[in-house]
Amino acid sequence: MPGHKKCPTDGRSPQFSDEEVQNILTKITGLDLQKAFRPVKQELKPPTYRLMTDAQLAQATQKAIQIAKERLKMPPVLPERKPIDDVLAEDKFLEGLETVKYVFTDITYNIPHRERFIVIREPGGTLRKATWEERDRMVQLYFPREGRRLTPPPVFKEENLMVVFLQDRHEDILDLCLVQFEPDSPDYRRVHKLTYEDIDKHGKYDLLRSTRHFGGMVWYLVNGKKIDGLLIDMIQRDLIQDTASVIHLYHMLHPRGSSAKEAGEQQAQGIDLVKIFTRTESQKAGYVELALQAYQETSTERSAQSSSP
Amino acid sequence: MATPMQTMIRRLRVSNLILSAWQGTHQAKRPVRLLAAPVSRSFCTVPDQPAFDSISRYRERPWEYLESEEYIEKYGSQTVWADYRRNHKGGIPPQKTRKTCIRGDKISGNPCPVCRDPKIQVDYRNVKLLEQFISTHSGVIHDPTRTGVCMKQHKNLTRAIDTARDHGLLPFRVPFVEFKMEDYSNSHGAVTKTPPPSEAGQARPWYSWYQWNQPPEKEIAKVRQVYHKYLKEEEPVAGQ
């Protein structure tokens, strides 16, 4: 259900749209202004220069942060939509009159697309509600959305997706997918799943780090219990707070696991959470421990350097 | 006494000799790739290689030609259009290049960079060739006045580049489209199973919109405001 909800006390597992989950995911996603406003290939114009005081610069930075936050709003993660098969009438006397199907679409302007009636009269005489694919096509025909094509481009096929992943263009393909498909359609879920699996396989988490898709990826990995690679990557980049948040989310989603119980007993915080998780439920425990060791060595070196004058 | 036929034949033989001699002296000076030959003959340096085979091979796998020695010898690391110069009157070239270089079997003089080398196949799969026609800084396809290709080949290139971008072979800038949240509950009657009509004495209508629904006050106020001149003076609070 859309809308913000507090962490539920009625025993239901937390959803993507819960306030606490969203807070954790936005914190992990971070906000890298250099990445959000990086130069892109476009029509070249001569550059503009502006002389600003420090206060104006701070104001401009604040404005840029606001715009970046708008751009980093996460698209929803929804369960797959149930197929529509509903026959309204079976009129056998119409059989053989027509050779084609007729699609009747209600094109009233002010109604949401999911409340639009789209029915199909088949040559055999049955009047049925249109399936989701037919609905999407008809709605795109009469109310075209910017960037969405009538037939999905061939880039979303398996073999072409592999080529795109080799070029490290995961963010682009996820943006295209968001524009082309509805969030609860099977195609959307399939493309996202393939992208997340590829990122997890090659450890390319940083590609999505300051984009609107990072939250969705973390949600998918936590639900699938595949957070080891992500944890290793975060430890190597010295993001221990983020690792703690990820494991906190993991405990929220799998409260009956051994890791959650032990953490609850010991009331662990920060790096101790990571250690408990590595001991109990991790799949790549060895690698995570190695990374933790390396991190601790570097942190002791740094503290020794900073303490000695 | 020679017959007129014999003299003609002798003259033809002599003229052929002269022609071959002239060609022999001049061919060494003209570079091979500017020979205007019909499409079916290739520019192979090896004379006994069958011409038809290489072109059909490159039709199936067009990217192989760009890796071959022949290509590197001809173009090096430049683009295929780098050393081409259009022939036109005056300082400013016409804004459109010629319509096509090859009409039927004939090739025009000074053919464009794509038409002069029949082994270059414009296909959506040979990304290296297509990239040569896209600007590295702005991602925009070069104008035909800049590259020198004929309009027909420019259209082919544009189509191939679009197909390559559709298949994900060429990177391009994906425009940022803001995502608008809709109501994804899917609970409306249009997308769910039709509930059976209630038999309980027709107390409840089948769908909620079958009975009169009072529209919201805002809509009523809007309509009143539009037709305020025509409203009858029945209610004392009629909008004016």
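B:Trp63 sits in the loop between α2 (51-60) and α3 of chain B, where helices (H or I, at least four residues) and strands (E, at least two) are DSSP runs numbered from the N terminus. With a relative accessible area of 35%, B:Trp63 is partly exposed; buried means under 20%, exposed over 50%, and partly exposed in between (1.4 Å probe, protein chains only). This is a predicted model, so local features need pLDDT of at least 70 and side-chain atom pairs count only at pLDDT 80 or more, while totals for chains, interfaces and linings use all residues. Residues are numbered from 1 along each chain as its sequence is written, chains are lettered from A and ligands numbered from 1 in the order in which they are written, and side-chain values use heavy atoms, with hydrogens and water left out.

**Around B:Trp63**

- Setting aside neighbours within four places in sequence, B:Trp63 is in contact with B:Arg125 and B:Asn126; contact here means heavy atoms within 4.5 Å.
- B:Leu129 is 66 residues away from B:Trp63 along the chain, yet their C-alpha atoms are separated by 7.9 Å.

**Chain B overall**

- Chain B has seven helices and two strands, and along the sequence they run α-α-α-β-β-α-α-α-α.
- Chain B counts 240 residues, and 30% of them are buried.
- Take the contacts in chain B between residues at least 6 apart in sequence: 59% of those join residues at least 24 apart.
- The accessible surface of chain B is about 17400 Å², and carbon and sulfur atoms account for 56% of that. Areas come from the Shrake-Rupley method with a 1.4 Å probe, and for residues only the protein chains shown count as cover.

**A positive patch on chain B**

- B:Lys96, B:Lys99, B:Arg103, B:Lys106 and B:Lys155 form a positive surface patch.
- Patches are made of residues with over 30% relative accessible area and no salt bridge, with like charges joined within 9 Å and nonpolar side chains (Val, Leu, Ile, Met, Phe, Trp, Tyr) within 5 Å.
- For the signs, Lys and Arg count as positive and Asp and Glu as negative, with His and the chain ends not counted. The place of a charge is taken as NZ of Lys, CZ of Arg, CG of Asp or CD of Glu.
- One of the patch members, B:Lys99, sits in the loop between α3 (69-75) and β1 (102-103) of chain B. B:Lys99 is exposed, at a relative accessible area of 62%.

**Salt bridges in chain A**

- Over all chains, the structure holds 35 salt bridges, each a side-chain nitrogen of Lys or Arg within 4 Å of a carboxyl oxygen of Asp or Glu.
- A:Asp136 and A:Arg81 are joined by a salt bridge at 3.2 Å, N to O. That pair links distant parts of the chain, 55 residues apart: A:Asp136 is in helix α4 (residues 132-142), and A:Arg81 is in the loop between α3 (54-71) and β1 (87-90) of chain A.
- The two partners differ in cover: A:Asp136 is partly exposed at 23% relative accessible area, whereas A:Arg81 is buried at 8%.
- A:Arg148 and A:Glu182 make another salt bridge, with their closest N and O atoms 3.1 Å apart. A:Arg148 is in the loop between α4 and α5 (158-166) and A:Glu182 in the loop between α6 (170-180) and α7 (186-202) of chain A, so here too distant parts of the chain are linked, 34 residues apart.
- Both ends are buried, A:Arg148 with a relative accessible area of 12% and A:Glu182 with 10%.
- A:Glu197 and A:Lys226 meet in a salt bridge at 2.8 Å, N to O. A:Glu197 lies in helix α7 and A:Lys226 in the loop between α8 (214-223) and α9 (228-236) of chain A, so the pair ties together parts 29 residues apart in sequence.
- A:Glu197 is partly exposed at 32% relative accessibility, and A:Lys226 is partly exposed at 27%.
- Shared partners join A:Arg81, A:Arg114, A:Asp136, A:Arg148, A:Glu182 and A:Asp184 into one salt-bridge network.

**Two more aspartates in chain A**

- A:Asp242 is in helix α10 (residues 240-253) of chain A. A:Asp242 is buried but has no salt bridge, and the nearest side chain of opposite charge, A:Lys27, is 5.3 Å away.
- Beyond neighbours within four places in sequence, A:Asp242 is in contact with A:Lys27, A:Ile28 and A:Met234.
- A:Asp32 is in the loop between α1 (19-29) and α2 (33-36) of chain A, and is partly exposed at 36% relative accessible area.
- The C-alpha atoms of A:Asp32 and A:Thr211 are separated by 9.0 Å, with their positions 179 residues apart along the chain.
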